[in-house]
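Q: I would like to learn how to read the way helices and strands are arranged in a model. Could we go through one together?

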Amino acid sequence: MRFHKTLIPTLREDPVDAQVVSHRLMLRAGLIRPLGSGIYTWLPLGLRVLRKVEAIVRQEMDNAGAQEVLMPAVQPAELWQESGRWDFYGKELLRFLDRHERACCFGPTHEEVISDLVRREIRSYRQLPANFYQIQTKFRDEIRPRFGIMRGREFLMKDAYSFDLDQAGLDASYQAMFAAYQRIFQRCGLAFRAVEADTGSIGGASSHEFHVLADSGEDVIISCDQCDYAANLEKAVAAEALPQEGDPAVVMEKIATPGQKSIEEVARFLKLPVQQLVKSLLVETPAGPVLLLLRGDRSLNMVKAANALNLPQVTIPDADRAAYWAGVGMGSLGPVGSRLPVVADHELRHLRNFACGANEEGWHLLNVNWQRDLPVPSFADLRNVTAGEPCARCGTGRLQRHQGIEVGHVFKLGDKYSKAMGVKVLDSQGSEQTLVMGCYGIGVSRIVAAAIEQNHDANGIRWPRSLAPFSLQLILLNPRDSGEVAAAEELYQSLRAAGVEVLLDDRDERAGVKFKDADLLGCPLRLLVGGRSFKEGMVELQSRAGDLSQKLPVGESLLPALLAVIHSSTP
């Protein structure tokens, strides 16, 4: 490809509205251009990278035995109503009416569509196991799209769906996809981590997320420094506090705390460690408000709270509505005498002589104890874990905190969709059996952004070799020198004939401009033709990573030498 004939609109300055590295560099390198909020056009170089990710994903899915299909992007509401997700999915689902006033949506995912296909086409256990995948544009109407491709509304996704007769079959299909995902991310040259995750709006029994490790990642990953336990923050299990010897229970006491609103203010006023305070949080559910209790220094995990209450989600009301439900301001809310249902974090199970709100404005209670002063509540894991605390899995390790970018997610759906939609086959005895499903998604376009977040420097992108738009950028230093032009042209044609992806920078620009753009675009290798080296009968081969710089003599041995370097450094 010739630079001067290709749309590569590089920018010298960072766009003012780009917040993360990948967004800035994708715009500056001319990989994408915005069309609307969270919607982007992929330009030639960006599309080359995207297609390389696609190819890796497609190869590994095919090798794992999945069959490629292509399902409609527009889906009838009836399917989503049949599965029960039409109302539950939320405002991210782009709904619209066609000209016949029939409700439709633009698919963010395809569990319903594939379930409908399978219930029509697969009749016997002999056709199982089955796994179907597609690579297709999705749309999720994010309320605040940001970070460019990483959190856009329209994106390219690979979604796959497995169907098995029983749980053992699902386990095998799930493990095959898990292994395929590991190979995909390894081939993409990414440092990644698989972690336990909440199933969210997709549903199912269990799931894992695959995260690219990067400081700019929006997701928090928790891992143990001694065992293989890893989970995202929503799913990370907090260890229960062990019973401890302490002072015997003393008499509960009511103390005035005028003007003290926050936990920290109350702790200072009462001269107590914040760990000895219990804070009360009110959440709304369809059945009414519920009081959740946490240790004073802990934060509520909304996903865990919803799971503890067996609900899709819970919400925290605003201050006025909360005060209406509680009859008191949040700063003085407490569990003693409360008529609301109470669920406490299991860390509080053995806490003694704690302080909490007195349910009277400007008052708190000291030396509160379970059973004597208030009924023993239900206990559940409600809080976010923190770095440094014990691992609940092994008990000896300490938890660590990392940032990650989610690029893949696998789910064991079980019969969530197949039961609702009647996806059945005849087993070996001629009886109808409801199939069990797995669901496996990869953010194909997000991988491009994640790769940049993990592979860049102050000058631009440093592509993993498997994803680079070109293996080599051939830079013609002086396009007005006929000798240099002829040599560069011969090399360009020879490299292409040898199957090398090469970008010839033949623009009539200063060498400094070409070097800047080469750093920005991030091709793994660059070959300089011209200048003093060319007069000495040499060309210069350099790597973007800075670990290679050598001069090669012009002549018959040049092409074999170049090919040897290119192939030796290609994974």
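Q: How are α2 and α5 oriented to each other, roughly parallel or roughly antiparallel?

A: Please keep in mind that this is a predicted model. To judge such a pair, one compares the directions of the helix axes, and angles over 145 degrees count as roughly antiparallel. Here helix α2, residues 44-63, packs against helix α5, residues 167-187, at an angle of about 150 degrees, with their axes 9 Å apart, and α2 and α5 are therefore roughly antiparallel to each other. The crossing in which α2 passes α5 is right-handed.

Q: Which residues of α2 and α5 meet?

A: From α2 come I56, V57, Q59, E60 and M61, and they meet M177, A180, R183, I184 and R187 of α5. Sorted by character, the residues of this contact comprise six nonpolar, one polar and three charged.

Q: What order do the three strands of the open sheet take?

A: In general, the strands of a sheet pair through backbone hydrogen bonds, and the pairing can be either parallel or antiparallel. In this model the order of the three strands is β4-β6-β5, and their pairing is antiparallel. Strands β4 (74-76) and β5 (94-97) lie at the edges, each pairing on one side only, while the twist from one strand to the next averages 35 degrees.

Q: How many bridges join β4 to β6?

A: There are three bridges between β4 and strand β6, residues 103-106, and these two strands run antiparallel. As one example to find in the picture, P76 has C104 in β6 as its bridge partner.

Definitions and conventions:
Residues are numbered from 1 along each chain as its sequence is written. This is a predicted model: local features need pLDDT of at least 70, side-chain atom pairs count only at pLDDT 80 or more; totals for chains, interfaces and linings use all residues. Side-chain values use heavy atoms; hydrogens and water are left out. Axes are lines fitted to C-alpha atoms, for helices over the stretch in contact, and angles run from 0 to 180 degrees between N-to-C directions. Helices (H or I, at least four residues) and strands (E, at least two) are DSSP runs, numbered from the N terminus. Angles under 35 degrees count as roughly parallel, over 145 as roughly antiparallel, 65 to 115 as roughly perpendicular and the rest as oblique. A crossing is left-handed if the near helix is turned anticlockwise from the far one by less than a right angle, and right-handed if clockwise. Contact means heavy atoms within 4.5 Å. Ala, Val, Leu, Ile, Met, Phe, Trp, Tyr, Cys and Pro count as nonpolar, Asp, Glu, Lys and Arg as charged, and the others, Gly among them, as polar. Two strands pair if DSSP finds at least two bridges between them.
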